[in-house]
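Colleague: Got a minute to go through this one with me? I'd like to hear the criterion behind each label.

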Amino acid sequence: MEKRRRIGAYGVARDETGRVLLVRSSPRSNNPGRWALPGGGLDHGEDPNVGVVREFREETGLEVAIAGLHDVFSDVVEFPWRGVQLHHDRIIFDVKVVGGELLAETDGTTDLPAWIAEADLPNLNLNPFVAKVLGVSKAELGDDERPVRPDENNEVGVKGQALSGEKRVTRFGAYGVVTDASGRVLLSLVSQGYPSGGNWHLPGGGTDFGEQPAEGLLREIYEETGQSGEVTGLIRVGARHNPAAMGPEGEPWDWYTVRAVFQVHIPEPSEPRVTEEAGGSTADARWFTRTELTSIKLSDLARRELLHIDLPG
């Protein structure tokens with residue numbers, strides 16, 4: 001079965017009475033009649049923080065502002081009539097309505113937005129990922145996760161695990177602000193020939209097909225540094241788009257990465273070591289004190305996360 005991946009951004013909006021805003025999937029969708037959170041697939045190069053606002057406007061007519069980051073997770077759904085297995089990376093934001101008028105999307109994958117009371121959620125045909133986000137037991141739904149309509153016009157994600165076209169890379173990555181009890185920070189050195197080569201970077205990387213972001217991050221940390229850690233929080237989600245990044249073969253790639261950044265604690269730190277599974281993209285790994293961070297070459301991601309947040313210790 002062919003494997004494909006898709007990255008989507010969604011929002012949880014509530015009114016003053018606690019009702020949540022949902023949208024009903026239209027006949028043009030893979031699951032007509034099911035209720036979902038406003039949101040959808042990101043355009044190539046789009047920041048998730050921008051994409052969720054765009055999707056809300058298109059599907060509900062409302063303007064929203066991001067109030068916080070709710071969750072990041074993945075799920076896998078099969079489309080047996082096409083021989084496709086879709087891994088969906090989902091970014092869930094908390095949002096607040098700041099303007100607009102509630103209107104249904106025209107000729108789209110949704111056909112009705114509505115404010116739903118908490119008590120009515122178990123009675124709706126909810127998309128399973130929405131039930132997860134809103135805390136509605138899947139057993140109450142009486143429905144499975146497979147798409148219900150074999151409509152050949154429906155989108156089922158980007159082909160392949162990484163490449164969506166010639167020299168175009170779409171990747172979902174998980175990275176960590178990794179610290180120990182003394183406040184030291186764990187970083188990995190990017191090998192020359194890779195994007196940000198020669199800079200110290202947050203440990204992490206692309207997640208595997210079917211892998212949860214937090215699980216993928218802990219795997220990457222071990223591969224790049226030999227350390228075993230615990231994810232203790234979710235910091236932010238952003239994106240980097242470099243349409244002319246140089247790949248290891250010396251050819252330009254249109255490189256688009258959506259990155260979830262987590263807080264990670266290493267309870268029993270040891271001397272870092274790069275394992276063979278790092279795949280050549282990591283040249284070294286080290287612990288740094290807070291003072292040392294100001295005297296080394298940091299990647300853009302590492303500089304933003306490390307110099308503007310409070311570190312333990």
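Colleague: What does Phe 172 touch, leaving out residues up to four places away in sequence?

Modeller: Contact means heavy atoms within 4.5 Å. By that rule Phe 172 touches Arg 5, Ile 7, Val 72, Asp 89, Ile 91, Gly 205, Gly 206, Thr 207, Pro 213, Val 258 and Ala 260. Before we go on: this is a predicted model, where local features need pLDDT of at least 70 and side-chain atom pairs count only at pLDDT 80 or more, while totals for chains, interfaces and linings use all residues. Residues are numbered from 1 along each chain as its sequence is written, and side-chain values use heavy atoms, with hydrogens and water left out.

Colleague: What makes a set of residues a nonpolar core, and which residues have the most contacts inside the largest one?

Modeller: The members must be buried Ala, Val, Leu, Ile, Met, Phe, Trp, Tyr or Cys, joined through side-chain atoms within 4.5 Å. Buried, in turn, means under 20% relative accessible area (exposed is over 50%, partly exposed in between; 1.4 Å probe, protein chains only). The largest core has 28 residues, and Phe 56, Ile 91, Phe 172, Val 258 and Val 264 have the most contacts inside it. Elements giving it two or more residues include S1, helix H1 (48-60), S6 and strand S10 (168-179). The largest share, five residues, comes from S15. A second, separate core of 20 residues includes Val 12, Ala 114, Leu 126 and Leu 134.

Colleague: Why is Thr 257 called buried?

Modeller: Its relative accessible area is 4%, and the cut-off is under 20%, so Thr 257 counts as buried. This residue lies in strand S15 (residues 252-265); helices (H or I, at least four residues) and strands (E, at least two) are DSSP runs, numbered from the N terminus. Beyond its neighbours within four places in sequence, Thr 257 is in contact with Arg 171, Gly 173, Gly 238, Ala 239 and Arg 240.

Colleague: And what makes the pair Thr 257 and Trp 255 a polar contact?

Modeller: The definition asks for a pair of N or O atoms within 3.5 Å; within protein, one must be able to donate a hydrogen and the other to accept it, and residues adjacent in sequence count only if both atoms are side-chain atoms. The side chains of Thr 257 and Trp 255 make theirs at 2.7 Å.

Colleague: Asp 254 is in S15 too. Why does Asp 254 count as buried?

Modeller: Asp 254 has 17% relative accessibility, so it falls on the buried side of the 20% limit. Its side chain also has a polar contact of 3.2 Å with that of His 44. The C-alpha atoms of Asp 254 and Pro 243 are separated by 3.8 Å, with the two residues eleven apart along the chain.

Colleague: How do you know that S1 and strand S6 (residues 84-100) pair?

Modeller: Two strands pair if DSSP finds at least two bridges between them. S1 and S6 have twelve, in the parallel sense, with Gly 8 opposite Arg 90. S1 also pairs with strand S4 (residues 39-41), antiparallel, over three bridges; there Tyr 10 has Gly 39 as its bridge partner.

Colleague: What makes S3 and S7 edge strands?

Modeller: Each pairs on one side only. The open antiparallel sheet runs in the order S3-S2-S7. Strand S2 (residues 20-25) and S3 share two bridges, and that meets the minimum of two.
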